[in-house]
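Student: I am new to this structure and would like a close look at a single part of it, the surroundings of the ligand, followed by a careful account of how the helices pack.

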Amino acid sequence: RQSLKIGMIPADGIGREVLPGAKAAIQALGSSLPKTEFIDLLAGFEYFTKTGTALPQETVEVLKNECDCALFGAVSSPSRKVVGYSSPIVALRKKMDLYANIRPVSSVAPSPEEKPQVDLVVIRENTECLYVKQETQTVGENGKEARATRLITERASRRVGEMAFKTALARPRKHVTIIHKSNVLSITDGLFRETVRAVPTLPGVNGAYDSVTIAEQLVDSAVYRLFREPHIYDVMVAPNLYGDIISDAAAALVGSLGLVPSINAGDTFVMGEPVHGSAPDIAGQDIANPLAAIRSAALMLRHLGYGDGADRIENAVDEVIREGRYLTPDLGGKSKTSEVVSEVVKRI
Ligand code: NAD
Ligand code: MN
């Protein structure tokens, strides 16, 4: 690659406050990356209230035609139905075919020599399940009746399953846990479970995953065990909604949602994104934790093949956490977002 073009979509709330930190961390890598260009792109609920669209066509076109990758902040999707509005992040994942959401959750050990207590990756299917958003409401003998379609396909389950096995193979413990609720939803979750289980026997795999061990767990007890014995998990692969919930739960184990990064990955594009939302309760105060966004930039760079740069960013973040002097209030500190960013940049 001669140059690296990164689409920047801050969107709403603290998304706008944490994304500059991710940019600063990438810029701090200097000449160890190819010539890097950031392209600011519009999307979000606030943009919708001004223009009537949450994800302008131009943003999608620039991502597809000009960018190598992107970083997304967070969007403020209202809980009530707003006519004409649809979440731009859910749409982007589908439009860019970013079929796997990879969410590493790990705690920082007291010293680099020690092992972290929590060290797992949630791999969330990113394009279907209840997020196809096919909801209807009718009136029947029980009053209003609301229904939603939950779509599970073999193709999407296989692709996310392959991502899970590939991810496990690259990790020391090489263990995949399939999360499902097939005891109740035997057709939909049953398809997910069986398809992921069959990945090692697919034509062309030729025993590549023989060293990977497979377990499975019902989603409710998976959350229970996650809190009681997080060390049993390595790679957790789940349908969209369960993956969303499990990763927020896992974030609590490591201290804050403000620490947990992700990438939305497809075969030809990658978009980094902190796991958290737009946090309206703390937006506008310069106290949002920028570390999840900064770590998302590192994950994105590693996915593109810049592992050394990713290591430098991640080590700087770990150092800041370990030192404990420059932390935002979610981690019990008193630092501002901007102060945390400059401490990370110094250490890069
Ligand atoms: P949230 O993740 O925004 O916040 C949950 C809690 O965690 C809040 O108390 C918040 O202050 C805290 N928190 C989150 N990120 C933090 C950070 N970086 N530093 C410090 N504290 C942090 O979830 P929510 O409150 O349920 O949702 C708020 C809005 O965000 C909603 O409109 C929702 O639709 C949206 N949302 C967007 C995304 C996304 O863009 N991918 C994801 C989840 C929620
Ligand atoms: Mn979420």
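**The ligand shell and the helix packing**

Tutor: By class, the shell around ligand 1 is made of eleven nonpolar, nine polar and two charged residues. This description rests on a predicted model. In that model 22 residues surround ligand 1, and the closest are Ser-77, Gly-258, His-276, Gly-277 and Asn-289.

The chain that provides this shell can be described next. The protein chain has eleven helices and twelve strands. Its radius of gyration is 20 Å, close to the 20 Å that the globule rule gives for 348 residues, so the protein chain is as compact as a globular protein of that length. Along the principal axes, the C-alpha trace of the protein chain spans about 60 × 50 × 40 Å.

Now to the helices. Two packed helices are described by the angle between their axes and by the distance between those axes. For helix 1 (residues 15-28) and helix 9 (residues 291-303), the axes come within 8 Å and cross at roughly 45°. Angles from 35 to 65 degrees fall outside the parallel and perpendicular ranges, and helix 1 and helix 9 are therefore oblique to each other. Helix 1 passes helix 9 in a right-handed crossing. On the side of helix 1 the contact is made by Val-18, Leu-19, Gly-21, Ala-22, Ala-25 and Ile-26, and on the side of helix 9 by Ala-293, Ile-294, Ser-296 and Ala-297. By class, this contact of helix 1 with helix 9 has eight nonpolar, two polar and no charged residues.

A second pair is formed by helix 5 (residues 154-169) and helix 6 (residues 188-197), which pack at an angle of about 45°, with their axes 8 Å apart. That angle makes helix 5 oblique to helix 6, and the crossing of the two is right-handed. Here Glu-154, Ser-157, Arg-158, Gly-161 and Ala-164 in helix 5 meet Leu-191, Phe-192, Thr-195 and Val-196 in helix 6. The contact of helix 5 with helix 6 has four nonpolar, three polar and two charged residues.

A third pair is helix 10 (residues 307-323) with helix 11 (residues 337-347), packed at an angle of about 125° with their axes 8 Å apart. Helix 10 and helix 11 are therefore oblique to each other, and helix 10 passes helix 11 in a right-handed crossing. Their contact is made by Ala-316, Val-317, Glu-319 and Val-320 of helix 10 and by Val-340, Glu-343, Val-344 and Arg-347 of helix 11. The residues of this contact divide into five nonpolar, no polar and three charged.

Conventions. Residues are numbered from 1 along each chain as its sequence is written. Chains are lettered from A and ligands numbered from 1 in the order in which they are written. This is a predicted model: local features need pLDDT of at least 70, side-chain atom pairs count only at pLDDT 80 or more; totals for chains, interfaces and linings use all residues. Axes are lines fitted to C-alpha atoms, for helices over the stretch in contact, and angles run from 0 to 180 degrees between N-to-C directions. Helices (H or I, at least four residues) and strands (E, at least two) are DSSP runs, numbered from the N terminus. Angles under 35 degrees count as roughly parallel, over 145 as roughly antiparallel, 65 to 115 as roughly perpendicular and the rest as oblique. A crossing is left-handed if the near helix is turned anticlockwise from the far one by less than a right angle, and right-handed if clockwise. Two residues are in contact if their C-beta atoms, placed from the backbone, lie within 7 Å. Ala, Val, Leu, Ile, Met, Phe, Trp, Tyr, Cys and Pro count as nonpolar, Asp, Glu, Lys and Arg as charged, and the others, Gly among them, as polar. A residue is near a molecule or strand if its C-beta atom, placed from the backbone, lies within 6 Å of it. The radius of gyration is taken over C-alpha atoms; the globule rule is 2.2 Å times the number of residues to the power 0.38.
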